[in-house]
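User: Got a minute to look at a model with me? I'd like to start with one charged side chain and then move on to a strand.
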Amino acid sequence: MKARICWLFALPMLVSAAPPGRTPLGIFSGWGAFRDAQPPRCYAIATPERRGSGEWRSFASVAIWPRQKIGGQVHFRLREPRRPNSPVRLIFGDRSFALVAASVDAWAPDPRADAAIIGAMRSATSMRIAWVSNDGRNRSDGYLLQGVATAIDAAALGCARR
């Protein structure tokens, strides 16, 4: 499995205090699109429908990494650590995807799964990521997908213009 690229961002933080080198590309419903100068990358990002009370700010993102020739990589930040070796699932109605995960981050297992998940995101109205926390409780974060297709397209265009 390829090494997965991750970063620590959340939509409200990005909009209110963008560091030098970060360019907002647009806000589309609950999804934002941004371009970072270093390292060069663009991404669509959103926070969950309801904020949990976990240690971290959870988010879902789709990134474009031009130097690595990555055209769409999904990444999820969980609001609290998952139980080691427990599964993480991304659910769209009756369709779901198994994700690979570290303690608080999860990704598609490969580029084909990235593409399938992005396709599902573009056609669904919501998604939910589910995991078991360290203390054994079932956890999930839900995301509304209105604006996700436009945010992904804006991110792709933002990196194409570099």
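User: Is arginine 82 buried or exposed, and which side chain of opposite charge is nearest?
Analyst: Arginine 82 is buried, meaning under 20% relative accessible area with a 1.4 Å probe, protein chains only (over 50% is exposed, in between is partly exposed). Arginine 82 has no salt bridge, and aspartate 105, the nearest side chain of opposite charge, is 9.5 Å away. A salt bridge here is a side-chain nitrogen of Lys or Arg within 4 Å of a carboxyl oxygen of Asp or Glu; Lys and Arg count as positive, Asp and Glu as negative, and His and the chain ends are not counted.

User: What am I looking at, model-wise?
Analyst: This is a predicted model: local features need pLDDT of at least 70, side-chain atom pairs count only at pLDDT 80 or more, and totals for chains, interfaces and linings use all residues. Residues are numbered from 1 along each chain as its sequence is written, and side-chain values use heavy atoms, with hydrogens and water left out.

User: Which backbone oxygens does the arginine 82 side chain reach?
Analyst: The arginine 82 side chain reaches that of serine 86 at 2.3 Å and that of alanine 102 at 2.9 Å.

User: New topic: how many residues of S4 are buried?
Analyst: 7 of the 7 residues in S4 (59-65) are buried. Strands are DSSP runs (E, at least two residues), numbered from the N terminus.

User: And how does S4 pair with S3 and S5?
Analyst: S4 pairs in the antiparallel sense with S3 over 5 bridges and with S5 over 6; pairing takes at least two DSSP bridges. Cysteine 42 stands opposite isoleucine 64, while tryptophan 65 has isoleucine 70 in S5 as its bridge partner.

Definitions and conventions. A polar contact is a pair of N or O atoms within 3.5 Å; within protein, one must be able to donate a hydrogen and the other to accept it, and residues adjacent in sequence count only if both atoms are side-chain atoms. Helices (H or I, at least four residues) and strands (E, at least two) are DSSP runs, numbered from the N terminus.
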